[in-house]
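This briefing covers one sheet and the salt bridges of the structure shown below. Points are grouped by topic.

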Amino acid sequence: QLELAESGGGLVQAGDSLSLTCKTSGNTGIGIVVAWFRQAPGKERELVALIRWSDSTRYADSVKGRFTISRDNAKKTVGLQMTKLKPEDTGVYFCAATYGHNWSPSGMAYWGAGTNVTVSS
């Protein structure tokens, strides 16, 4: 069993930076994929970034060059460093994980409760 807990959300202005942290508790075995999703009001949940066991990463086109996902194995955390934030980055940010190859929201087996990020213009 794996538990995920997000932290670091808040209210910032456009152009600011913000870091999110996903703390994992439990077994994170070989092959796990940890991802950040976000959901804006009235919109579907979308993939923001993910990091594979091999440390390869993938980003949504809308955040490439601005967001960086990283893992700290010693602390058992996955971070999301967000820079040059835009109002359209506003939403609830969720940490999720899976051992599968379906990286859509329906493919994730484990979810955190989410953390709010609001970017004002």
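In this predicted model, strand 7 and strand 8 (residues 77-82) run antiparallel and are joined by six bridges. Both belong to an open sheet of four strands with antiparallel pairing. Five salt bridges are found in a search of the whole structure, and Arg-38, Glu-46, Arg-66 and Asp-89 are linked in a network of such contacts.

**The four-stranded sheet**

- The strand order of the open sheet is 1-3-8-7.
- The edges are strand 1 (2-7) and strand 7 (67-72); each has a single partner strand, so one side of each is left without a neighbour in the sheet.
- From one strand to the next, the twist averages 15 degrees.
- Within the pairing of strand 7 with strand 8, Ser-70 stands opposite Gly-79 in strand 8.

**The salt-bridge network around Arg-38**

- The network of salt bridges links four residues: Arg-38, Glu-46, Arg-66 and Asp-89.
- Arg-38 forms a salt bridge with Glu-46, in which the closest N and O atoms are 2.7 Å apart.
- Arg-38 has 5% relative accessibility and therefore counts as buried, since the cut-off for buried is under 20%.
- Glu-46, at 35% relative accessibility, counts as partly exposed, because this value falls between the limits of 20% and 50%.
- Arg-38 also meets Asp-89 in a salt bridge between their side chains, at 2.9 Å from N to O.
- This second pair links distant parts of the chain: Arg-38 is in strand 4 (residues 33-39), whereas Asp-89 is in the loop between strand 8 and strand 9 (91-98), 51 residues apart.
- Both Arg-38 and Asp-89 are buried.

**The salt bridge between Arg-71 and Asp-55**

- The side chains of Arg-71 and Asp-55 form a salt bridge, with an N to O distance of 2.6 Å.
- Arg-71 lies in strand 7 and Asp-55 in the loop between strand 5 (46-51) and strand 6 (57-59), so this contact ties together parts that are 16 residues apart in sequence.
- Strand 7, which holds Arg-71, is one of the edge strands of the sheet.
- Arg-71 counts as partly exposed at 22% relative accessibility.
- Asp-55 counts as partly exposed too, at 46% relative accessibility.

Conventions:
Residues are numbered from 1 along each chain as its sequence is written. This is a predicted model: local features need pLDDT of at least 70, side-chain atom pairs count only at pLDDT 80 or more; totals for chains, interfaces and linings use all residues. Side-chain values use heavy atoms; hydrogens and water are left out. Two strands pair if DSSP finds at least two bridges between them. Helices (H or I, at least four residues) and strands (E, at least two) are DSSP runs, numbered from the N terminus. Axes are lines fitted to C-alpha atoms, for helices over the stretch in contact, and angles run from 0 to 180 degrees between N-to-C directions. Buried means under 20% relative accessible area, exposed over 50%, partly exposed in between (1.4 Å probe, protein chains only).
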